[in-house]
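Below is a colleague's note on the structure, set out as numbered points. Please read each point with the structure open.

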Amino acid sequence: MHAFRFIHCADLHLASPFRGFASAPESISDALLDSTYSALSALTDLAIAEQVDFIVIAGDLFDDADRSLRAQLALWQEWKKLEERNIAVYIIHGNHDYIRGGRVSSAQLANVHIFDAQNPACTAFCNEHGTIAHICGVSYGQRHVTENLALSYKGCGEPVFHIGLLHANVDGDASHDPYAPCSLQELTGNNKMQYWALGHIHSRRVLHEYPHVVYSGNTQGRNPRETGAKGCYLVDVSAEGSVDLQFRELGRIRWMEAAIATENCVTIEQLLDRLEEETEQQLLQAAGCCVMLRIVLRGRTSLYERLLDREALAIILEQLQQKATNTRENWIYVYDIQMNAAPMMDSSELLRQDSLTGELERMAQQLLADDQLLEKFVGEATESTASHIKLKRYLSDKLNHRELLLQARNHVQSLIYEYDENG
C-alpha cells in the first residue's frame with residue numbers, strides 16, 4: 001500500500017439564495033450570494049497547494065435540483081483547473097441536487113467521476129504505483145431517499161484502502177431530514193470501508209476512528225444556524241493505513257452569535273460602546289473572515305424598559321450596521337439584536353419570596369446547579385415534541401439548555417414585572 005492524500009468535502013450548496021437579507025447593503029448581499037462560489041474556489045486552491053491526489057464530494061454540490069447555469073459553469077472551470085494538475089474528483093449527488101434534476105456533463109473531463117443513482121459502485125484511483133484506493137458511492141435519484149443505502153456498500157476484492165461516499169443521516173440526527181438513514185454501528189461494522197466520507201449534516205463531526213466515519217460539514221455557512229468555521233478535511237493516509245485529519249477553512253463568511261452582558265451599562269451610550277467593542281473583538285476572532293453577527297443581550301439591566309422599545313433596538317442596530325459599510329476587506333455586519341435581558345431584581349431576595357417569581361427563581365437555580373436534573377427536565381418537557389416527525393428537528397443536540405433556561409426564566413420574570421408595573 002502506498003501513502004496518499006485527499007480532500008473530503010460535502011454540501012457546497014452552490015447558488016444558495018440567502019433569503020431574508022434584502023435590507024442588507026448591496027455589498028453585503030453580493031458577498032453572501034458569492035460566498036458559496038468563493039468556498040468552491042478556495043477548495044481548488046487548497047487542493048493544488050497541498051498537492052492532493054483527489055477530492056471526494058459527498059453530495060449537494062448544488063442548492064437545487066434545477067442547477068443554475070452560473071453554478072454549473074463555476075464547477076466546470078474549477079474542475080478544469082484540477083484536471084490540469086492531475087487531481088481527480090469523485091462525486092455523489094444528494095437530496096438537493098439529485099440526478100433526475102439534471103447534472104453537469106463530465107464527458108470531456110477525464111478527472112471527474114460522478115456516481116450514478118442505481119446501486120453503490122466502486123471505482124479505482126490509480127497512479128504510477130498502480131491502484132492506490134477504491135472510492136465507492138451512489139447518488140440520489142430522487143429528493144426523498146428513505147432506504148438505508150449503507151447496507152448496499154460491498155467494496156471490491158482488492159486489498160487497498162476503501163472510501164465510502166455517503167449522503168445520509170447517521171443515528172437519526174433530528175436537526176436534519178432522515179434521508180438514507182443508517183446507524184453508526186452499521187457503518188463501523190462494514191469491514192470493507194476504511195473511511196466513510198459523509199455528507200448531509202452541515203456540522204463537521206468525527207463519529208468514529210478506524211474505520212473513520214466523518215462528516216466534513218458544509219463548505220460555507222448559509223444561515224444563522226450554521227455558525228463557526230466551515231470547510232473541509234485534508235486527509236493523509238500512510239502506507240500503513242493510518243489516517244490523519246486536518247480541518248481547513250474554506251468559507252469566506254462566518255455566521256456568529258455573541259451574548260453580551262448588560263449589567264454594567266447604565267446608559268444607552270455605554271451599551272452602544274460595549275456592543276461596538278464586542279463586534280470588533282468578534283471580527284478579530286474570525287481569523288480573516290467576514291462576519292454575519294447576531295447579538296443577544298443578557299443579564300439584569302437598569303435599561304430594561306428602554307430596551308423593550310423596538311424602535312430603540314432598531315436605532316442601536318442601525319448604528320452597528322453602519323460599521324459594515326466601510327471599505328475594509330474584512331467586514332462585520334450585525335444582522336440582528338435579540339433582547340434576552342431581564343429587569344433589575346435581587347436574586348437572593350427572590351429566592352426568599354413566597355411568590356410565583358420566587359418559585360421560578362428557585363426552580364431555575366436548582367436546575368442550573370445539576371446538569372443531570374436539567375437534562376431530565378428538558379427530556380420530560382420535550383417528550384411529545386421529540387416524537388413529532390416535523391417538530392423534532394428543532395430539538396438539536398447542539399441546543400444550549402442552560403442558555404435556554406436562562407432565557408425562559410428572564411422572559412417570564414419580565415412578563416411578571418410588566419404586569420406588576422402596569423397593573
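1. Helix 1 and helix 2 have axes 10 Å apart and pack at an angle of about 10°. That angle makes the two helices, helix 1 and helix 2, roughly parallel, because angles under 35 degrees count as such. The model is predicted, and the values in this note are to be read in that light.

2. On the helix 1 side, the residues that meet helix 2 are L33, D34, Y37, L40, S41, T44, A47 and I48. Their partners in helix 2 are R70, A71, A74, L75, E78, K81 and L82. By class, the contact of helix 1 with helix 2 divides into nine nonpolar, two polar and four charged residues.

3. The search for enclosed space covered the whole structure and finds one cavity of 30 Å³ or more. The volume of the largest cavity is about 40 Å³. Its lining consists of L40, L43, T44, I55, I57, L75, E78, W79, L82 and V89. Helix 1 (26-49), strand 2 (54-58) and helix 2 (69-84) are the elements that give two or more residues to the lining of the largest cavity. Helix 2 supplies the largest share, four residues. The class count for this lining is eight nonpolar, one polar and one charged.

4. Points 2 and 3 can be read together. L40 and T44 in helix 1 are in the contact with helix 2, and L40 and T44 also line the largest cavity. On the other helix, L75, E78 and L82 take part in the contact and are likewise listed in the lining of the largest cavity.

5. Which residues lie closest to the centre of the second largest pocket? This pocket has a volume of about 290 Å³. Of its 15 lining residues, F377, V378, L404, L405 and A408 are the closest to the centre. Two or more lining residues come from each of helix 8 (356-368), helix 9 (371-381) and helix 11 (401-422). Helix 11 gives the most, with six residues. The lining of the second largest pocket has twelve nonpolar, two polar and one charged residues.

6. A second helix pair to inspect is helix 4 (residues 268-285) with helix 6 (residues 310-321), whose axes come within 11 Å and cross at roughly 40°. Helix 4 and helix 6 are therefore oblique to each other. Their crossing is right-handed. In helix 4 the contact residues are I268, L271, L272, L275 and E276, and these meet I316, Q319 and L320 in helix 6. The contact of helix 4 with helix 6 has six nonpolar residues, one polar and one charged.

7. Two backbone features deserve a look. Most residues other than glycine have a negative phi, and most peptide bonds are trans. D11 is not a glycine, yet has a positive phi of about 55°. D11 sits in the loop between strand 1 (4-9) and helix 1. The other feature is a cis peptide bond joining Y210 and P211, with omega about 0°. P211 belongs to the loop between strand 9 (205-208) and strand 10 (212-215).

Methods. Residues numbered from 1 in each chain as written. Predicted model: local features only at pLDDT ≥ 70, side-chain atom pairs only at ≥ 80, totals over all residues. Heavy atoms only, no water. Axes fitted to C-alpha atoms, helices over the stretch in contact; angles between N-to-C directions. Parallel < 35°, antiparallel > 145°, perpendicular 65-115°, else oblique. Left-handed = near helix turned anticlockwise from the far one by under 90°. Contact = heavy atoms within 4.5 Å. Nonpolar A, V, L, I, M, F, W, Y, C, P; charged D, E, K, R; others polar. 1 Å grid on protein atoms, 1.4 Å probe; cavity = no way out; pocket = protein on both sides within 12 Å on 5 of 7 lines; lining within 4 Å. Points joined across faces, edges and corners; volume = space filled by probe spheres on them.
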